[in-house]
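Visitor: Could you walk me through this structure? I am new to this and would like to ask things as we go.
Guide: Certainly; please ask as you look.

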Amino acid sequence: MTETQTLLNTGLAQMLKGGVIMDVVNEEQARIAEAAGASAVMALERVPADIRAQGGVARMSDPDLIDSIISAVSIPVMAKARIGHFVEAQILETLGVDYIDESEVLSPADYVNHIDKSVFKVPFVCGATNLGEALRRIQEGASMIRSKGEAGTGDVSEAMRHLRTINSEIRALGAKSEDELYVAAKEIAAPYHLVKQVASLGRLPVVTFVAGGIATPADAAMMMQLGADGVFVGSGIFKSGNPEARAKAIVEATTHFDDPQAVAEASRGLGDAMVGINVADVPAPHRLAERGW
Amino acid sequence: MRVGVLALQGAFREHLLMLGSLGVDTLKVTRSKHLADLDALVLPGGESTAMVRIASGTDLFATLRERMAGGLPVFGTCAGLILLADRLSDDSLGGYDRLGGLDVTVARNAYGRQRESFTAPLTVRGLDEPVEGTFIRAPQILELGPDTEVLSRHDDVPVLVRQGSVWGASFHPELGTDGRIHAEFLHHLGAAV
C-alpha cells in the first residue's frame, strides 16, 4: 500500500473516533442511527443476534440493500465481507462503501487466509481478540481494528476481555528491551516491525474500536474509559425497546464517557435493553470471536 | 496561549497533539464551561451530523457564538468548516443548530465518498513550500462572501479561507506531522510559535 493510501485509509478512521458505529438493516434504521449522531453505519441484512438465532450461512448483504442505505444517509457507510472472501470485498468497493469490515460475524469463506487488504482502495476494519491477531490484520492492510467481543449477545464481558488483553499485551511490550522484542514478535506471531512500533507508541498504530456485546450507555462509557477510540453497537440498539432513545444515549455516553453524571442522565428512561444471552451459555462452536486466525 | 479543541467527536486528539507540539497549552472542549479561558478554538474533522446532534440541547454552540462575536479566533477543518459555514448547499444536517461566522457556502461530501479521497500539494499564502493537503470525504467551498480571503486553492476551488480570525479548511492539516498550517493560524493571532 502506498504511503498516501495508508494516510487516507487510516485518516477516515481518525474521523470516526469518539463516535458510535451502528448496525442497520434498512433505510429507516440508517436514518434513525444518523439522527441519533452515529459517526457511521454498518449496512447488513441481519444483526448478529438474528444471525445467531436463525443460523445458516451468513454472507455479504444484497447490493440493493447497501445502495439504499448509502443513499439514505450522509455519514460513512460500512459493510461486511466474509473472512477471506476477496470478491465480496471487490463488490463492496465497487458499490462505494466507505469501509469494509472483514467480519467473523459472517460465515468465513477461507479458514486459512484473510483478504489481502493492501490491494484495495477502500479501507478495512478487522476484528481481533489479542495483540498478535490485531497486528497480523494490520500487516495484511487493515486500517482500523475492533476488538471482537461476542457479537449478538448483549453481554459485554468478551469485549472487555479482548480489549483488556490487547491493552495489557501492549503494556508488556513497552516493558521489554529492544533485543527482547524479536522473541516477543515470534511469540505472538506478528511482524517484528509492527511489534517494535507498538512498543514505542504504547498503542496500536491504527484506530481501535470495541465491538461485540455493547448494549447500554454504561457499556460504551466503560470501553472508552479503558482506552477505546470508539464503539460499534450491533444488535444492542435495534433489538432494544426504544432504539431512537438508546442510540442517542449511547452516543451521549461515548462523548462524555468520563463524566459519570452525564452517563447517568443518558441511562435514564431507555426502556428495555436487548434481552441478550450470557456468553457462558453459548456453546463453544457457536462463538463467533473464535473465527479468524 | 491556550487553545481549545472541540471534542464532541472526531479527530480532536490529532489537533491537540499538533498544537501541543507547537508549544501552546491545549484543552478538550465538551461543555460551555470549557470556553471560559481560551485564546482560540479549533473545530476538528469528524462527522458534522454527529457533532451538531451531540451539541443540541446544550448551551455549547450558543455560548461559543457569543465568544466568537466577542472576537474568539476559531479554525474549523473539514467537519469544523461545515459548522462554521454561514450557508450549506443542502439540508442534510436537518436544521440542527450550527455555529456560522464564516461567510461561505459549503457542500458536504462534495469531493465524493472514501474511494475518491485524495491528497494534493497546496500552495498556501505565506508559506514558501507547498503543504500536502489530505481530503477525506471532504466538503467543498462553493461561494465566498466579499470579506472572505482565500489562502489556498486546489483546482481553482478555495480550500483554505479566512474572514478576520475565523479560518476554515476543507482538508485535514491535523493529519501527518506538518504543523505549518496550525502555526500560520497561531502567528495570525500573534502567538510566538
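Visitor: Which residues do ring pairs link into a cluster?
Guide: Ring pairs join B:Tyr111, B:Phe118, B:Phe135 and B:Phe171 into a cluster. Rings of Phe, Tyr and Trp (its six-membered ring) pair if their centres lie within 6.5 Å; planes under 30 degrees apart count as stacked, over 60 as edge-to-face and the rest as tilted. Please note that this is a predicted model, in which local features need pLDDT of at least 70 and side-chain atom pairs count only at pLDDT 80 or more, while totals for chains, interfaces and linings use all residues. Residues are numbered from 1 along each chain as its sequence is written, chains are lettered from A and ligands numbered from 1 in the order in which they are written, and side-chain values use heavy atoms, leaving out hydrogens and water.

Visitor: How many aromatic pairs are there over all chains?
Guide: By this rule, the count is eleven aromatic pairs over all chains. One of them is the pair of B:Phe75 and B:Phe185, which is tilted, with 5.2 Å centre to centre and 45° between the planes.

Visitor: Where do B:Phe75 and B:Phe185 lie?
Guide: B:Phe75 lies in strand 4 (residues 74–77) of chain B and B:Phe185 in helix 5 (residues 180–188) of chain B, so the pair ties together parts that are 110 residues apart in sequence. Helices (H or I, at least four residues) and strands (E, at least two) are DSSP runs, numbered from the N terminus.

Visitor: Is B:Phe75 buried or exposed?
Guide: B:Phe75 is buried, because its relative accessible area is 0%. Buried means under 20% relative accessible area, exposed over 50%, and partly exposed in between (1.4 Å probe, protein chains only). B:Phe185 is buried as well, with a relative accessible area of 1%.

Visitor: Back to the cluster: what kind of aromatic pair do B:Phe135 and B:Phe171 form?
Guide: B:Phe135 and B:Phe171 form a tilted pair, 5.6 Å centre to centre and with 45° between the planes. B:Phe135 belongs to strand 8 (residues 131–135) of chain B and B:Phe171 to the loop between strand 12 (166–169) and helix 5 of chain B, so this pair ties together parts that are 36 residues apart in sequence. B:Phe135 is buried at 0% relative accessibility, and B:Phe171 is buried with a relative accessible area of 0%.

Visitor: New topic. Which residue in the loop between strand 10 and strand 11 of chain B should I look at?
Guide: In the loop between strand 10 (149–154) and strand 11 (157–163) of chain B, please look at B:Asp155. B:Asp155 has a positive phi of about 50° although it is not a glycine. Most residues other than glycine have a negative phi.

Visitor: Is B:Asp155 buried or exposed?
Guide: B:Asp155 is exposed, because its relative accessible area is 64%.

Visitor: And what about the phi of B:Cys78?
Guide: B:Cys78 also has a positive phi, of about 55°, and is not a glycine. B:Cys78 is placed in the loop between strand 4 and helix 4 (79–84) of chain B. With a relative accessible area of 5%, B:Cys78 is buried.

Visitor: How far apart are B:Pro121 and B:Phe185?
Guide: B:Pro121 and B:Phe185 are 64 residues apart in sequence and 19 Å apart in space, C-alpha to C-alpha. B:Pro121 lies in strand 7 (residues 118–122) of chain B and is exposed, with a relative accessible area of 59%.
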